[in-house]
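Q: I'm new to this one. Can you walk me through the structure?

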Amino acid sequence: SALIHSRATNTSYTNSNGLKFDYFNASLPNITLIATGGTIAGISDDKTATAGYESGALGINEILSTIPEDLDIANINAVQFDNVNSGDVSSSLLLNLTRTLKTTVCNDPTMSGAVITHGTDTLEESAFFVDATVNCGKPIVFVGSMRPSTAISADGPMNLLQGVTVAVDEDAKDRGSLVVMNDRIVSAFFATKTQANTMDTFKAYEQGNLGMIVSNKPYFYYPAVQANAKYFADVEGVNAIPRVDILYAYEDMHSDSIYSAVQNGAKGIVVAGEGAGGISTEFAQAINDIVSRVGIPIVLSHRTVNGEVPTSSITGDNEKTQIASGMFNPQQARVLLGLLSAEDKGLGEIRSVFRKATTAYV
Ligand SMILES: NC(=O)C[C@H](N)C(=O)O
């Protein structure tokens, strides 16, 4: 950390919002860096390991100490929110994350933006959640890595540096939350992990990247814009996100899974349907039965990476019961349905939010 110290003009500063900066240079913009764990904080004894390593092992200050270049770009208030494999990120952590971002970044005029380090496996879910709940125009940037910090050519340090750079970039404002990895800037609203192992994994296949980064200079292809299907959820008075389960469809799918999900407390169901939302006859009948008796929302999504479940693929009785996910994939649909249920929206309102993500809407 001697190297870090040499880059800062002052040491230790606490702003009027109580945020602590270990190294502070009054001429630089300020950001909050919230660490949640993942491979970017991962370690292994084997420098060649890109699987089977320990996730969420390093603290954020240890990670930062290897990238003193970050302190040439911004003053960083670093917060260790958690240090977990991303499969263990809970909805209560996400609610807390949203509240923290609103109070410490949105409502503080001295803060330019935020970076969140996160495991990549579920990064898209957290990024989608924050994108739907934090809406102040300041850049909120999610970063992760595919190689643990101990690997040869670890990608975490460059991703974090690029994330910090994007978080203070004027051009990054008003675009919703962003995912920055592998020299690309992707909209959190559309981003999905497309490859389980390699660094070129976050993509918005249909919509494309928002921009790229060369020699740590971000370049955005187009001016800021929000997606047509964007829904902003108000979680101000929300204490918990209701449970929403995802059920994966397959040939000749049985209906036991949906009954047990409901029995076990699911307040909403997302089905990863075949093609444009296909399901077996048995399963379709179970949906109609559950909706008429229990009244919970059931959203039909697609197990293919891309595409849309149009309202027209749901016919007859099912039209009244199921909700077409439109272009939202199952994991996006789960987050959105959880937020809408937390806001106590009725079936009609939920249906109209999802309808905005279908070609029937435009
Ligand atoms: N690349 C990663 O970050 C994967 C890790 N298992 C996680 O999601 O926490």
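**A first look**

A: UniProt, in an unreviewed entry, places the feature "domain: L-asparaginase N-terminal" at residues 30–224. Keep in mind that this is a predicted model.

Q: What is the chain like over residues 30–224, in helix and strand?
A: Over that stretch the chain is 23% helix and 25% strand. The end C-alpha atoms of residues 30–224 are 22 Å apart.

Q: Where does UniProt place the "active site"?
A: The unreviewed entry puts that feature at Thr-39 and Thr-120. They are spread over 82 residues of sequence, but they cluster in space, with a largest C-alpha distance of 7.5 Å.

Q: Take Thr-39. Where is it?
A: Thr-39 is in the loop between β3 (30–37) and α2 (60–65).

Q: Is Thr-39 buried or exposed?
A: Buried, because Thr-39 has 31 C-beta neighbours inside 10 Å. The cut-off for buried is 20 or more.

Q: What is Thr-39 in contact with?
A: Leaving aside neighbours within four places in sequence, Thr-39 is in contact with Ser-55, Gly-119, Thr-120, Gly-144, Ser-145, Met-146, Arg-147 and Pro-148. So Thr-120, the other residue of the "active site" feature, is among the contacts of Thr-39.

Q: And which loop holds Thr-120?
A: Thr-120 is found in the loop between β5 (111–117) and α4 (123–133). Thr-120 counts as buried because it has 25 C-beta neighbours inside 10 Å.

Q: What does Thr-120 contact, leaving aside neighbours within four places in sequence?
A: Thr-120 is in contact with Gly-38, Thr-39, Ser-86, Gly-144, Met-146, Lys-193 and Thr-201.

Q: Where is the "binding site" feature?
A: UniProt's unreviewed entry places the "binding site" at Ser-86, Thr-120 and Asp-121. These residues span 36 residues in sequence, yet no two of their C-alpha atoms are more than 6.9 Å apart, so they gather at one spot. Thr-120 carries the "active site" feature as well.

Q: What about Ser-86: which loop is it in?
A: Ser-86 has its place in the loop between β4 (75–84) and α3 (91–106). Ser-86 is buried, because 22 other C-beta atoms lie within 10 Å.

Q: Which residues does Ser-86 touch?
A: Not counting residues up to four places away in sequence, Ser-86 touches Gly-37, Gly-38, His-118, Gly-119, Thr-120, Asp-121, Thr-122 and Leu-123. Thr-120 and Asp-121, also in the "binding site" feature, are both among the residues that Ser-86 touches.

Q: Switching to helices. How do α3 and α4 cross?
A: Their axes come within 10 Å and cross at roughly 45°. That makes α3 oblique to α4. The crossing of α3 and α4 is right-handed.

Q: Which residues make the contact?
A: On α3, Leu-94, Leu-97, Thr-98 and Leu-101. On α4, Ser-126, Phe-129, Val-130 and Thr-133.

Q: How many residues of α4 are buried?
A: 11 of its 11 residues are buried. Among them are Leu-123, Phe-128, Asp-131 and Ala-132.

Q: What covers the buried residues of α4?
A: The cover includes α3, β6 (140–143), β7 (178–181), β9 (192–193) and α9 (330–342).

Q: Now a strand. Which residues of β11 are on the covered face, and which on the uncovered one?
A: In β11 (residues 211–214), Gly-211 and Ile-213 make up the covered face. Met-212 and Val-214 make up the uncovered one.

Q: Why do they alternate like that?
A: In a regular strand the side chains alternate between the two faces of the sheet.

Q: Which strands does β11 join?
A: Two bridges join β11 to β8 (residues 184–187), and the two run antiparallel. Four bridges join β11 to β12 (residues 217–220), again running antiparallel.

Q: What stands opposite Met-212?
A: Arg-184 of β8, and Tyr-219 in β12.

Q: How many residues lie between the strands in the hairpin of β11 and β12?
A: Two, and Ser-215 takes a positive phi near 45° in that hairpin.

Q: Last one. Where does Asn-306 lie?
A: Asn-306 lies in the loop between β15 (298–302) and α8 (317–321). Asn-306 counts as partly exposed, because it has 14 C-beta neighbours inside 10 Å.

Q: What does Asn-306 touch, not counting residues up to four places away in sequence?
A: Asn-306 touches Tyr-205 and Glu-206. Asn-306 and Glu-206 are 100 residues apart along the chain, and their C-alpha atoms are separated by 7.4 Å.

Definitions and conventions:
Residues are numbered from 1 along each chain as its sequence is written. This is a predicted model: local features need pLDDT of at least 70, side-chain atom pairs count only at pLDDT 80 or more; totals for chains, interfaces and linings use all residues. A residue is buried if 20 or more other C-beta atoms lie within 10 Å of its own, exposed if 12 or fewer, and partly exposed in between; C-beta atoms are placed from the backbone. Two strands pair if DSSP finds at least two bridges between them. UniProt positions are given in the numbering used here, feature names are shortened, and annotations may be inferred rather than shown by experiment. Two residues are in contact if their C-beta atoms, placed from the backbone, lie within 7 Å. Axes are lines fitted to C-alpha atoms, for helices over the stretch in contact, and angles run from 0 to 180 degrees between N-to-C directions. Angles under 35 degrees count as roughly parallel, over 145 as roughly antiparallel, 65 to 115 as roughly perpendicular and the rest as oblique. A crossing is left-handed if the near helix is turned anticlockwise from the far one by less than a right angle, and right-handed if clockwise.
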